[in-house]
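Reader: I am new to this structure. Please give me a close look at one part, the lining of the largest pocket, and then show me what surrounds it.

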Amino acid sequence: EPPGVHPHPGVGPDLVSSRIETVLPHGRGRRALATCPAAARCFDSAPAWSRSGGRLAFVSRWEGDPGEMPDRIAVVRSDGSGLRRLRGLTWGHLAPAWSPDGRWLSFASRATSGLYTVRRDGTGLEFIVRDAQSWSDWSMNGRIAFAANTPGATSPYTGIRYQFPQIYTARPDGSGRRQITSHPWFGAEFPDWSPHATKLAFHRHTGVGSDIFVIGADGRELRR
C-alpha cells in the first residue's frame with residue numbers, strides 16, 4: 001500500500017486486487033477475464049460456471065465505483081464478453097450458484113444471513129431461506145442444497161444449547177425444506193450434488209480435523 005492509502009475494507013493489507021482467470025484442464029490456455037475497469041482496483045471471487053459452461057457468475061467489487069455496493073454478483077460469458085454486474089439487490093452478495101437451466105442464481109447475503117434466488121438479469125429477487133450459510137448448490141431436478149444453523153447438543157457445564165450448521169434441501173421458492181444431515185456436536189457445510197441428484201457430498205468437522213462425507217438425497221447411507 002502507498003503511504004496514506006487505507007487498505008480496502010475487509011481485505012488484508014497484502015492483497016491489492018484479485019481477478020477471475022480461466023485455464024484448460026491440462027494447465028495451458030490461461031486467460032484473465034476483463035471484468036475490471038482500467039485503473040480500478042477490483043476484488044473478484046467465488047466464480048461459478050453455469051451448467052452449459054457458457055457463463056460465469058462471480059462476486060465483484062470495484063474500488064472507487066461511485067455506485068458500488070460491496071460484493072455484488074456479476075455475470076460474464078466464458079470468452080470474457082457481456083459483463084453485467086447486477087444491481088445492489090442486498091447489502092453484500094456471496095457465493096452465487098446456478099440453476100440447471102442457467103436462468104436463475106442463488107446467493108447469500110451479508111446483511112440478512114439468508115439465501116436468495118434471482119434471475120441472471122437481476123430481476124425476480126426472492127428471499128427463500130433464513131439463517132443460511134453462504135454456499136448453495138442446485139441439483140439437476142431443481143432442488144437447492146444449503147447449510148443452516150441447527151440446534152445441537154446442550155453443554156453439561158453451561159446449560160447452553162449449541163448451534164451447528166447442517167445440510168438441508170428445498171425447492172427454489174423455499175418450500176419443501178428437508179433436513180439431510182444431523183449431529184449433536186459437529187456441523188456440516190459446503191453441500192455439492194452428484195450429477196443425477198441422488199447423493200450429496202459435504203464437509204464435516206470430526207473433532208480432530210475435518211473430512212468429506214457423502215449422503216443420499218433422502219438423508220440415508222452416510223459414508224465418510
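Author: The lining of the largest pocket has 14 nonpolar residues, five polar and three charged. Here Ala, Val, Leu, Ile, Met, Phe, Trp, Tyr, Cys and Pro count as nonpolar, and Asp, Glu, Lys and Arg as charged; the others, Gly among them, are polar. This is a predicted model, in which local features need pLDDT of at least 70 and side-chain atom pairs count only at pLDDT 80 or more, while totals for chains, interfaces and linings use all residues. Residues are numbered from 1 along each chain as its sequence is written, and side-chain values use heavy atoms, with hydrogens and water left out.

The pocket holds about 450 Å³ of space. Its lining counts 22 residues, and Trp49, Trp98, Asp137, Trp138 and Asp192 are the closest to the centre. A pocket is an open set of points on a 1 Å grid over the protein atoms alone, where a 1.4 Å probe fits, with protein on both sides within 12 Å along at least five of seven lines; lining residues have an atom within 4 Å of a point. The volume is the space filled by probe spheres set on the points, which are joined across faces, edges and corners.

Four strands each supply at least two lining residues: β4 (45-49), β9 (93-98), β13 (132-138) and β17 (188-193). Strands are DSSP runs of E with at least two residues, numbered from the N terminus.

Take β4 and β9 next. Alanine 46 sits in strand β4. Its phi is positive, near 55 degrees, and it is not a glycine. Alanine 95 sits in strand β9. Alanine 95 also has a positive phi, about 50 degrees, without being a glycine. Most residues other than glycine have a negative phi. Alanine 46 is partly exposed, at 33% relative accessibility, whereas alanine 95 is buried, at 12% relative accessible area. Buried means under 20% relative accessible area, exposed over 50%, and partly exposed in between, with a 1.4 Å probe and protein chains only.

β9 also brings in a contact. Serine 109 of strand β10 (residues 104-109) touches Leu94, among others including Trp91 and Tyr116, not counting residues up to four places away in sequence. Contact means heavy atoms within 4.5 Å. Serine 109 is buried, at 3% relative accessibility.

Now β13. An open sheet of four strands runs in the order β13-β14-β15-β16, with antiparallel pairing. β13 and β16 are at its edges with a single partner strand each, so one side of each has no neighbour in the sheet. Two strands pair if DSSP finds at least two bridges between them. Inside this sheet, β14 (residues 144-154) and β15 (residues 161-170) pair over nine bridges. Proline 151 stands opposite glutamine 163 in β15.

How far can the model be trusted? The mean pLDDT of the chain is 87, and 91% of its residues reach 70 or more. pLDDT is the predictor's confidence in each residue, from 0 to 100. Over residues 1-10 the pLDDT is below 50, and this stretch has eleven contacts in the model beyond near neighbours in sequence. Where pLDDT is low, the predicted coordinates should not be read in detail.
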